[in-house]
Amino acid sequence: MARVSVALWTVLTLALQVATETPPVKNNNPNYTEPLQINLNPTLLPLLSKLNTDTTSSASPGVAGPALPPVGPQSPKANDKTGEKQRARREGACPPVGLESLRASDSQLSASSYQRAGLAPHRGRLNIQSGIDDGDEYDGAWCAAVDDGNQWLQFDALRPTLFTGVILQGRNSIWSLNWVESYRVLISNDSAVWTPCMNGSVEAVFDGNRDPETPVLGMFPVGMVGRYIRINPLTWHKNGSVCLRAEFLGCPLSDPDRTVPQPESEDNLDFRHHNYQEMRKLLKAVHEECPNITRIYTIGKSYLGLKLYVMEISDNPGKHELGEPEFRYVAGMHGNEVLGRELVLNLMQYICREYKRNNQRIVRLVKYTRIHLLPSMNPDGYEEAYQKGSELSGWALGRYSYEGIDMNHNFADLNNIMWDEQENAKDKSKVSNHYIPLPEYYTSEDAFVAPETRAVISWMQTVPFVLSANLHGGELVVTYPYDCTRNWIPRENTPTADDVFFRWLATVYASSNQAMANPDRRVCHYENFQQHNNIINGADWHTVPGSMNDFSYLHTNCFEVTVELSCDKFPHASELPTEWENNKESLLLYMEQVHRGIKGVVRDKETKGPISDAIIKVRDLDHDIRSATDGDFWRLLNPGEYVVTAWAEGYLPGTRKCHVGTDPRPTVCSFTLTKTPQQLALEARMKGVKTPKDLQLRRRDAQVRKLRVTTKLLNQRRQKQQRLHPVQKNQ
């Protein structure tokens, strides 16, 4: 940030001492000392514009310039045109000071009073979530101890700041209804003398909330400079109390005596939020910059017809190479959790540029891994959240698909199918622990399965993925399967057979993530994940039947975790460089784990041809995988000695010992299988007969075909309906 000249700073300081004719603020609290009123001299505004221009020239991307929109308090509307207007107006405002993102510390918040520790001022952060039970230390707002007009929530910016607005929310609770309906704002330089925000010659009164969750933006008629800012509630829900969550919009001003590190990144990436059109342009730009290692393809369309784009990065794009593992990142399953989308877009830019610079780490990654990046699984939901923008989309707007489906619960629940079969089987070893077929109900035309989910399932069945991560937002933690508990228990540790390796994967990401690994960070909402080293079994957090993680593990060969990237689901654009630096090493290091364990090829001893769908079984690990079409396979394992068996229908099993070292490179452990005498006799009698598939595989393939047929019929039906009744969308 540029430094302000001493002369300019002196003028600013003197100008702030010029009192206007604003009447004193009345306060009926007997313990309150009435301050001398000081307001900003209107003649100072041109100087402030120059000051803001000087000090934001090197600020992070997304920080607006000096223009201040001359608008009063505004409650966001639902229609698109209003949303576009509000977004345009916000672009002229300052960014959030960091209550929601936790850049602002608890010590910077104070209040006139509070009911108890769980409703103290540090809980008055926009979008903060409470636990299930009211009354603990993690409630969902600041609540004053007294319901009167003398209460306030105060923020200390620690330096002179140009404040341009406030965003207000009510209390997050499933048991009570509390919100502030009107309020005023006061500014101070010393926390003793306060100046009210004015609207012309009268004190500005801002409209607050009409429900607990919808954020309401109050833009100041004129920007106000000070170190401290207060919200003073005037009226509140008639059956509730003085409770609120808030975010302040403010541009820090340069202080000759104070240096603040800026959230910059050395990587010159496109740090901003990309809507559907802008995302397409960026994908095209990356491909044009690195055409030899990138390929853009689509896996389907959303309900509204937006394409689900994937960027493939490989030294031989468009082709599966023998022995090269396939990796994927999926972002934007919940459309309002936008950080994953931007990180994936940043990642593809970064890999392209570093590959061209001959960064050997990136060159190795591209040469030996086929990478697939899906930045937006729920583009319809994203567009809805994007219309409102950062801070105003709330906690849930855009989370669901256009049809109202939560895709995090929309995959087939294969866990309970497997567990039920195990409970009913006389010999549990006969129950399949992998490649579990889709249930019959899930493949019907009437199944409530989103087109986006169907597209991702088809993608999983087409590409032999080995490792994946599902990028979410709203917390700072990495979760690993299983996500679903047995017997519908609300939360209970429910490990997979590969629990040790999943814990390793989660730890790799969490320990290298700068935000998660910070020992001084505070709890995002109400769960203290630091006591678990920022990783947790998904079912031990909350049960999620039908998660993509569990489905991927039980229906395919792919291991997958969920990464909750940030406390803030929709960070402001100015925070994206910092978030990239927090996650860059984690994203790269996690991808490199795809090369741990063993890999090999299963071949026919006589013909030397590949054997697809051969079962790879590791002794003492009750989860098998299968070989791909070319006979190659990858089995993720921690360092150690393993006894591995390969078997296929019509072949005798082969067993060998495989050693996995500590280096992040796989041990080659291939197999050559001999056909059984029965299979040889069958082929001698019937020339040209194919080796049969095992029953489990035949059932799985049949259900896959049925899902694709019903998906095609549903897509045709939806396209016909949309031609008759067009739905507004971004093309």
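Start your tour at the largest pocket, which has a volume of about 870 Å³. Keep in mind along the way that the model on your screen is predicted.

**Stop 1: the largest pocket**

Select Trp 395, Arg 399, Tyr 526, Trp 541 and His 542: of the 39 residues that line this pocket, these lie nearest its centre. Next, colour strand S16 (465-472), helix H11 (538-541), helix H12 and strand S19 (559-564), the elements that each give two or more residues to the lining. If you colour the lining by class, you will find 20 polar residues, 10 nonpolar ones and 9 charged ones.

Stay with Trp 395 for a moment and add Lys 569 to your selection. The charged end of Lys 569 sits over the ring of Trp 395, 4.0 Å from the ring's centre.

**Stop 2: an annotated residue**

Which residue does the UniProt annotation "active site" cover? Select Glu 564: the label comes from an unreviewed UniProt entry. You will find Glu 564 in strand S19. Is Glu 564 buried or exposed? Its relative accessibility is 9%, so Glu 564 counts as buried, the cut-off for that being under 20%.

**Stop 3: rings that meet**

Now show the aromatic side chains. The structure holds 22 aromatic pairs, and two of them make good viewing.

Begin with Phe 155 and Phe 248. Their ring centres are 5.7 Å apart and their planes stand at 20 degrees, so this pair is stacked. Phe 155 belongs to strand S4 (residues 153-169) and Phe 248 to strand S11 (residues 243-252), so the pair ties together parts that are 93 residues apart in sequence. Both Phe 155 and Phe 248 are buried, so hiding the surface will help you see them.Move on to Phe 411 and Phe 551. Here the ring centres lie 5.5 Å apart with the planes at 45 degrees, so the pair is tilted. Phe 411 is in the loop between helix H7 (379-388) and helix H8 (414-424), while Phe 551 is in helix H12 (residues 548-555), so this pair ties together parts that are 140 residues apart in sequence. Phe 411 and Phe 551 are both buried.

For a bigger group, select Trp 419, Tyr 482, Phe 501, Phe 502, Tyr 553 and Phe 559. Ring pairs link these residues into a cluster.

Then select Arg 700 and Tyr 435. The charged end of Arg 700 sits over the ring of Tyr 435, 4.0 Å from the ring's centre.

**Stop 4: an enclosed space**

How many cavities of 30 Å³ or more does the structure hold? There are 6. Pick the second largest, which has about 50 Å³ of space. To outline this cavity, select Leu 99, Glu 100, Leu 102, Arg 125, Leu 126, Asn 127, Ile 128, Cys 524, His 525 and Cys 567. By class, the lining of the second largest cavity has 6 nonpolar, 2 polar and 2 charged residues.

**Stop 5: along helix H4**

Finish at Arg 280, which is found in helix H4 (residues 276-289). With a relative accessible area of 32%, Arg 280 is partly exposed. Add Ile 296, which is 16 residues away along the chain, and look at the C-alpha atoms: those of Arg 280 and Ile 296 are separated by 9.8 Å.

Technical notes
Residues numbered from 1 in each chain as written. Predicted model: local features only at pLDDT ≥ 70, side-chain atom pairs only at ≥ 80, totals over all residues. Heavy atoms only, no water. 1 Å grid on protein atoms, 1.4 Å probe; cavity = no way out; pocket = protein on both sides within 12 Å on 5 of 7 lines; lining within 4 Å. Points joined across faces, edges and corners; volume = space filled by probe spheres on them. Nonpolar A, V, L, I, M, F, W, Y, C, P; charged D, E, K, R; others polar. Phe/Tyr/Trp six-rings, centres within 6.5 Å; stacked < 30°, edge-to-face > 60°. Helix = DSSP H or I, 4+ residues; strand = E, 2+ residues; numbered from the N terminus. Buried < 20%, exposed > 50% of the residue type's maximum accessible area, 1.4 Å probe, protein only. Lys NZ or Arg CZ within 6 Å of the ring centre and 35° of its normal. UniProt positions renumbered as here; feature names shortened; annotations may be inferred.
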